[in-house]
Amino acid sequence: MKARPNNKQTNYYNMKQLTIKNIFPAAALLILLGSCSKTFDLKPGTELDASQMYRNVYDADAAVMGVYGKFMGMADRYIILNELRGDLLEYTNNADESLRQISTHNVSEDNPYASPRPFYELILNCNDVMKNFVIMRQKNTLKEAEFNQRYSDVACLRSFLYLQLGIHYGDQVRYVTDALETVDVVKNESRFPAIKFEVLLDSLINFTERIPYKDQYPAGTTLNITLDGYPTNNFFINKKCLLGDLYLWKGNYTKAADYYRQVMETTTSGTVNENYYTQFKLGWSTTFNHYVSYTRAGDASSLNYADGWRVIFERGYDAHFTKEWIWVLPFDNKFAPSNSLINLFSPIGGKYLVKPSQAIVDNWNTQQQRPVTVAGSTTGIPYDARGSLSTRTLGGQPVAMKFLYNYINYATNLPVDPLVRNGKWFLYRQTHLHLRFAEAANRDGRYRLALSFLNSGIGGAFAPPSGVTDVTNYQNTLSYSYPYNFDARNGSIPYYRGDWYRHIGIRARALLTDFTVNNTADSLLQVENGLINEGALENAFEGTRWPDLVRVALHRNDPAFLADKIFAKLQKDGVGDAAAVRAKLMSRLNWYLPFKL
């Protein structure tokens, strides 16, 4: 039985009333992965006030974990809104009217996926936790450093949620920072008026810049440990990535690039080892393979599924995994919430509600791989193999596989164990980071540098002329101002190993030919087109597509950039009146969902 909430109880326990005992880490993991676990239900008649729940750092940790546990319940909503509204996912025959409305941009007020209420419920949880952290600091039950880390983490998750609201609801968002009793209070427009998206961005930037701690939890702290094979530090939002995103949306490109570079150079200090050159740098390695690869060069039938790019989405939380992933949350069969992404994507053991669009399939199929010479013949495979690694045909149906590789065995196409629905919610990885840095650099006039991140790396884009072996004045952008001054020199005489000498670029890692730009005055738009298209090819289904389309359309003041892509998806999939949807999306007002609390 649930205890009845009262005014003294914290809102984050509204999901289910939980006792908080000083038994971290076991309790905290259960709260994170199963914030509604029956193990922690209150006994009938038991009520806790804040003094019983916020007594020490372990209680504070449990509060942080509780917030993230509830956040995990939004995984399917996050993917539906950020991908099905875009051009890379389409609904299946199993989908109900609500999902069909989302895809065709004909959304009713009562569509459950359109409701902002789940966002606000979690925002109010964050507000309540932050308020109590302030009280704990005042009472000295949290040390200054403990407060700074935990308050900043929850604050950034709240800013992330508000950015999502702005992306999907535009100028209708209410910016609430109070610890309110219920979401219904937010309906009071005289107290919480809607604000413009630009004003929301300003508010989020101003607030998030002032948080007292911008790094991840330090090693040795109680929220940076490994539990059951999960390194908890990957659970928490990266604050600098968030700030980079906020500035990118705002159009402050230099500041965005600054924060992105700080993340890319997370390990560029201390001991000079492989991690120094590779983590978050998209660097080549001799100890792990994140490339698209073949067991026989040039032989399309030998595409490597057992290693390489596909395994980015399957492997456990080892050192190789954390070179790629910046923010990822695990679904574990032993804990609630259950893996909602299996229901969303899988025709085996799931409801199979969404599938890859024909538009993304055609996009992969029109790419060109780099030529290789085999038996005296030089050819290149005429498609992007990431399509085959991101999707699969199961039971005659096209399936988006990225979120399913821990559930369905790639070799047998069957569940590893039908009753074990493990998986991961991927939120941010190094290719998101590099593409957004490149977008900022390009908008800041650094077209060639942006192309280097897209294509073959800094060293390749700034290579010396043929026959020149001294790279002192090449393979670098040291003449540029920060954050665009990179050293990727890799020379023998004189000897150089710049911090970025292993950087390879996104298309090189996928074995694709370089994206080229005509020598015309619109280099900025051409490079940006290439970057956004690469985001589709590389990051399909991961929750970045609709935001990318909206952001670029806003920066260009060009609704056709967005509308044309949705039109192409619907037309290729034979869904609805594609022309009418395009005409509708030519007005910015129609990009946003109805706001009904």
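A contact here means that heavy atoms lie within 4.5 Å of one another. The exercises below use that term throughout, and they concern a predicted model.

**Exercise 1. Determine what share of the contacts in the protein with a separation of 6 or more comes from residues 24 or more positions apart, and set this beside the overall dimensions.**

Solution. Begin with the contacts: of those with a separation of 6 or more, 70% are accounted for by residues 24 or more positions apart. Next, take the dimensions, for which the C-alpha trace spans about 80 × 55 × 50 Å along its principal axes. Then compare the radius of gyration with the expectation for a compact globule of 597 residues, which would be near 25 Å; the protein has 24 Å, and so the two agree. Finally, add the composition of the fold, which comprises 23 helices and twelve strands, with buried residues making up 58% of the 597 residues.

**Exercise 2. Describe where L165 is found and which residues it is in contact with, leaving aside its neighbours within four places in sequence.**

Solution. First locate the residue: L165 belongs to helix 7, which runs over residues 144-169. Its relative accessible area is 0%, and because buried means under 20%, L165 counts as buried. When neighbours within four places in sequence are left aside, the contacts of L165 are P116, F119, Y120, I123, G170 and V173. As a last step, consider a pair separated by 428 residues along the chain, L165 and L593, whose C-alpha atoms are 9.7 Å apart.

**Exercise 3. Establish how many disulfides the model holds, and examine C156 and C241 individually.**

Solution. A disulfide is a covalent bond between the sulfur atoms of two cysteines. The cut-off needed for this step is that the two sulfur atoms lie within 2.5 Å, and by this rule the count is zero disulfides. For C156, the nearest cysteine sulfur is that of C126, 10 Å away, and C156 is in no disulfide. For C241, the nearest cysteine sulfur is that of C156, 11 Å away, and C241 is likewise in no disulfide. Turning to accessibility, C156 is buried at 0% relative accessibility, and C241 is buried with a relative accessible area of 2%.

**Exercise 4. Identify which peptide bonds are cis at P337 and P494, and say where these prolines lie.**

Solution. Most residues other than glycine have a negative phi, and most peptide bonds are trans. Against that background, the bond from A336 to P337 is cis, with omega near 0°, and P337 sits in the loop between strand 4 (325-331) and helix 13 (340-345). The bond joining I493 and P494 is also cis, with omega about -10°, and P494 sits in the loop between strand 11 (490-491) and strand 12 (496-497).

**Exercise 5. State what the phi values of F280 and Q475 are, and whether these residues are buried or exposed.**

Solution. Take F280 to begin with: its phi is near 60°, a positive value in a residue other than glycine. F280 lies in the loop between helix 11 (274-278) and helix 12 (321-324), and F280 is buried, with a relative accessible area of 6%. Proceed to Q475, whose phi is near 50°, again positive in a residue other than glycine. Q475 lies in the loop between helix 18 (458-461) and strand 11, and Q475 is buried, with a relative accessible area of 12%.

Note on methods: Residues numbered from 1 in each chain as written. Predicted model: local features only at pLDDT ≥ 70, side-chain atom pairs only at ≥ 80, totals over all residues. Heavy atoms only, no water. Helix = DSSP H or I, 4+ residues; strand = E, 2+ residues; numbered from the N terminus. Buried < 20%, exposed > 50% of the residue type's maximum accessible area, 1.4 Å probe, protein only. Rg over C-alpha atoms; globule rule 2.2 N^0.38 Å.
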